[in-house]
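Hi everyone, thanks for coming. I'd like to walk you through a couple of helices today, so let's bring the model up.

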Amino acid sequence: MEATPLFRPYKMGNFELFSHRVVLAPLTRNRSYGNVPQPHAALYYSQRTTNGGLLITEATGVSETAQGYPETPGIWTKEHVEAWIPIVQAVHDKGGKFFCQIWHVGRVSTHAPISCTDKGCTPGLYGVDWTAPRRLSTDEIPQIIDDFRRAARNSIEAGFDGVEIHGANGYLIDQFMKDQVNDRIDEYGGNLEKRCRFALDIVKAVVEEIGADKVGHADLVAYGRLFLANPDLPKRFAIDAPLNKYDRDTFYTLDPVIGYTDYPFLDQDN
């Protein structure tokens, strides 16, 4: 019987994903205390690793000002790199491919909220009070681009196979592209080409730093909540097994076990 498209081998750039196209989507887990990845993340990610499968990390800040949610990981310091190394190794030991999603929250930063505009900010979530962002000046933009470049370089130093650039969900890159948000009159605002310049400059910088074969294009299926609750999701799909139900109340707690690494595998269901 021919394999379904989901379980056919797939070549993504230079990477052979030879078991399936079921990808662990980036999922904020709020368990990187002090923005430093923790040892329990090695268990979490390795639980969801299969030989030849692809995982993408939770959104990972490119600088201190890029952080906006409690206990999310970073990749801008040597300490971050060293903390990621054993986590990446745990995935590689099981034959998985691992990309780091690099991220700047922009307007919801708890350190120095910035945006493409001076327009208002989303009210505080998860007990965090955010202040209104300020418009990013034109001469500050090269530094932000360089933050992404450095994060990409650090990701490769930590052992990641590549990076995904977070450009959605109303964060900094996405803000620049939105015609109803971006009201700039410089080279980063106005028509579509100018609104996309910030994103394209970041992509160009990252590609120049680590190579085009290690950067955010694929034809795969990424699962979030289902993969969270089913660490052996590809196996369950392959044999049409029932799925664990996720517990939304434990999505964003700080516990290193509950709602994180305690979801049962198929052979633990009894």
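**Two helices and what covers them**

On the other side of α6 from its buried residues, Leu200 and Glu208 are exposed; exposed is over 50% relative accessible area, buried under 20% and partly exposed in between, with a 1.4 Å probe and protein chains only. A word on where this comes from: this is a predicted model, where local features need pLDDT of at least 70, side-chain atom pairs count only at pLDDT 80 or more, and totals for chains, interfaces and linings use all residues. Residues are numbered from 1 along each chain as its sequence is written, and side-chain values use heavy atoms, leaving out hydrogens and water.

Back to α6, residues 197-210; helices here are DSSP runs of H or I with at least four residues, strands are E runs of at least two, and both are numbered from the N terminus. Which residues of α6 are buried? They are Phe198, Ala199, Ile202, Ala205, Val206 and Ile210. They sit on the same side of α6 because they cover an arc of only 130° around the axis, taken from the directions from the helix axis to the C-beta atoms. Their cover includes β6, α3, β9, α4 and α5, where contact means heavy atoms within 4.5 Å. Glycine 211 follows α6, with a positive phi near 100°.

Now α2. Its buried residues are His80, Val81, Ala83, Trp84, Ile87, Val88, Ala90 and Val91, and what covers them includes α1, β4, β5, β6 and α3. After α2 comes glycine 95, whose phi is positive, near 85°.
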